[in-house]
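Please open the model in your viewer and keep the selection panel at hand. The stops below are meant to be taken in order, each with something to select and something to look for.

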Amino acid sequence: MDSVTLDPVDLRLLHALQIDGRAAFSGIADVLGVSDRTVARRSGRLRARGSVRVAGVTGSRHTGHAEWLVHLRVLPSGAAALTRALTHRPDTAWVTVTSSGTGIVCVFRVPGEGAAPLDALGRLPQVTHADAQRLLHPVMDRRWSGRTALGDGAQDLVVTGGPGGR
């Protein structure tokens, strides 16, 4: 994976999209103190590089899916390609690289009471260890205030739609 350098405006833009991926560029621009055009241009650049992808995801407990937290230890030479491949799987909800490039942590959503794709992943040559834990229930049903804080409270109201979010 290519390294990407993000400046403070990029980071705050990503944070705003994490809070509300459907927020209008004008609302984000107001929160960040930049122009609508700046938000549109930077968002386009981040999407074109593959640095950001905004997706709506239904809560798995409402759709009858099982969620699995999977940790893979991998050879450093294979981490980037495997991470990229995992992001393209329809059952991958989230993925990140850890441990200086030798670990991958991901969440899979599988239909019904299905199992995580551990057998297939564990047989890959770049994977040295794989384990999975079933996520039984959400830890948080409400927004975490630290995650939704872009600055002062007035800024948060614009992005989240009012006090306490939606």
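Begin by selecting residues 92-98 and residues 103-111, which are strands β2 and β3 of this predicted model; the two strands pair in the antiparallel sense, and six bridges join them. Between β2 and β3 there are four residues, so placed that the two strands form a hairpin, and S99 in the turn takes a positive phi of about 50 degrees. To follow the pairing residue by residue, pick V95, whose bridge partner in β3 is C106, and then T92, which stands opposite F108 in β3.

Keep β3 selected and add strand β1, residues 65-74. β1 and β3 also pair, again in the antiparallel sense, over nine bridges, and a useful pair to display here is A66 with V110, since A66 stands opposite V110 in β3. With its neighbours shown, β3 can be coloured by accessibility: the strand is mostly covered, with seven of its nine residues buried.

Within β1, select E67 next. Is E67 buried or exposed? With a relative accessible area of 17%, E67 is buried, because the cut-off for buried is under 20%. A distance label from E67 to F108 should read 5.6 Å between the C-alpha atoms, although 41 residues separate the two in sequence.

Move now to helix α3, residues 36-49. How far apart should the ends of this helix be? The helix has 14 residues, and at 1.5 Å a residue α3 should span 20 Å; the C-alpha atoms at its ends are 20 Å apart, which agrees with that expectation. Select T38, V39, R42, S43 and L46, which are the buried residues in α3. Seen around the helix axis, they cover an arc of only 125 degrees, which puts them on the same side of α3. The general background is that an α-helix has 3.6 residues a turn, so residues three or four places apart point the same way. If you then turn the view to the face of α3 that points away from the buried side, you will find the exposed residues R37 and A48.

To see what lies over the buried residues of α3, display helices α1 (8-19) and α2 (25-32), which are included in their cover. S43, in helix α3, is a good residue on which to centre the view: at 3% relative accessibility S43 counts as buried, and, leaving aside residues up to four places away in sequence, S43 touches L13, F25 and V52.

Stay with α2 for a moment and select G27, I28, A29, V31 and L32, which are buried in that helix. After α2 comes G33, with a positive phi near 75 degrees, and just after α3 the chain reaches G50, which also takes a positive phi, of about 85 degrees.

From G50, continue along the chain into the loop between α3 and α4 (60-63), where A55 has its place. Is A55 buried or exposed? At 54% relative accessibility, A55 counts as exposed, because the cut-off for exposed is over 50%. Despite a separation of 34 residues in sequence, A55 and G21 are 7.4 Å apart in space, C-alpha to C-alpha.

Now zoom out to the whole protein, which has eight helices and four strands. Read along the sequence, these follow the pattern α-α-α-α-β-α-β-β-α-β-α-α. Of the 166 residues, 33% count as buried, and the accessible surface comes to about 10,200 Å², of which 54% belongs to carbon and sulfur atoms. Among contacts between residues at least 6 apart in sequence, 64% join residues at least 24 apart.

As a last step, colour the model by pLDDT. The mean for the protein is 81, and 77% of its residues reach 70 or more. Where is confidence highest, and where is it lowest? Confidence is highest in α3, at 94, and lowest in helix α8 (residues 153-160), at a mean of 47. Finish at residues 162-166, over which pLDDT stays under 50 and for which the model has nine contacts beyond four places in sequence.

Key
Residues are numbered from 1 along each chain as its sequence is written. This is a predicted model: local features need pLDDT of at least 70, side-chain atom pairs count only at pLDDT 80 or more; totals for chains, interfaces and linings use all residues. Side-chain values use heavy atoms; hydrogens and water are left out. The expected span of a helix is 1.5 Å times one less than its number of residues. Buried means under 20% relative accessible area, exposed over 50%, partly exposed in between (1.4 Å probe, protein chains only). The arc is that of the directions from the helix axis to the C-beta atoms. Contact means heavy atoms within 4.5 Å. Accessible areas come from the Shrake-Rupley method with a 1.4 Å probe; for residues, only the protein chains shown count as cover. Two strands pair if DSSP finds at least two bridges between them. pLDDT is the predictor's confidence in each residue, from 0 to 100.
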